[in-house]
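Subject: Structure handover

Hello,

Here is the structure I said I would pass on. My notes follow it.

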Amino acid sequence: SPRNLGIERFYDEVIAGMEQQLRSRGMQVLLQVVNSLEDELESYRRWAGSDKVMGVLMVDLVEDDPRAAVIDSLGLPAVILGEPQTQGHQAVVSLDNYRAMADAVRQLASLGHTRIGRVSGPAPLLHTQARGQAMGDVFASDGLTGESFEGDYSSASGGEGTRELLLGDEPPTAIIYYNDVMALAGLDVAHELGVAVPEELSLLAWDDSTLCLLASPHLSAMTHDVHQLGMLAADSLLALLDGHSTTTQI
């Protein structure tokens, strides 16, 4: 959602990493904010008719995503930032969200948590589905339980999801959030409901940020070098422009 773009550190860091690598070739990143999928596809069509856009980075894949096929038909070189099973002749930088979630759940279980909640991103996103599958698999294999709430990465959905989970019949003792903004909202709701963090409730944000350090208490967070991710995406795009297709696993 365009309204969430300004609070998502992930995109800021990706763009910064890309800019660092592209600068040596006299290129820069163009960011176009749109309101719908059709607007996004129209941007690709417009860019394909211009001599100013050399290639695109596609992120946040969804089920039956039409974008790759449209980009292919337009002849635009593209790098896809997505899941390991992503296919196509475009360059791919893949992120293993399944393994990351499985590791996170097992880490919480090792601390004694058996009821683990989740405030996720939108369900159609492939990385939401991969993380959900991992959580379900670990729950089944390790005898854990927990409920999920579908958020949209906004503060409001983080607060709403936390309230619903904590007021349920079997409230969790740990909650995993898909970004730092929702986790911070969850911390506020826990304080409001009189649930002590971390004594009674552990909170884990998916992406680390300064916001997690400024929270009281500090929020635990999963972290990866998103700036480097942007650098790898730019390197893959440059390789594609030079006639080489690449797949990079992170």
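Y44 and W47 are three residues apart in helix α3 (residues 37-48), so about one helical turn separates them; helices (H or I, at least four residues) and strands (E, at least two) are DSSP runs, numbered from the N terminus. Their rings make an edge-to-face aromatic pair, with 5.8 Å from centre to centre and 65° between the planes. Rings of Phe, Tyr and Trp (for Trp, the six-membered ring) pair if their centres lie within 6.5 Å; planes under 30 degrees apart count as stacked, over 60 as edge-to-face and the rest as tilted. Both Y44 and W47 are buried, where buried means under 20% relative accessible area, exposed over 50%, and partly exposed in between (1.4 Å probe, protein chains only).

On provenance: this is a predicted model, in which local features need pLDDT of at least 70 and side-chain atom pairs count only at pLDDT 80 or more, while totals for chains, interfaces and linings use all residues. Residues are numbered from 1 along each chain as its sequence is written, and side-chain values use heavy atoms, with hydrogens and water left out.

Searching the whole structure gives three aromatic pairs. Another of them is F10 with Y11, which is edge-to-face because the ring centres are 5.5 Å apart and the planes stand at 90°. F10 is buried at 14% relative accessible area, whereas Y11, at 22%, counts as partly exposed.

R131 sits over two rings (NZ of Lys or CZ of Arg within 6 Å of the ring centre and within 35 degrees of the ring normal). R131 is 4.7 Å from the ring centre of Y178 and 3.8 Å from that of W206.

W206 is also one of the contacts (heavy atoms within 4.5 Å) of N179. The others, leaving aside neighbours within four places in sequence, are E8, Y153 and A205. N179 lies in the loop between β6 and α8 and is buried, with a relative accessible area of 1%.

The largest nonpolar core (buried Ala, Val, Leu, Ile, Met, Phe, Trp, Tyr and Cys residues joined through side-chain atoms within 4.5 Å) has 38 residues, of which V105, I116 and I176 touch the most other members. Elements giving two or more residues to this core include α5 (97-110), β4 (116-120) and β6 (174-177). Not counting residues up to four places away in sequence, I176 touches residues including M101, V105, I116, M135 and L204. Apart from this core lies another, of 16 residues, among them M18, V59, L81 and V226.

Regards
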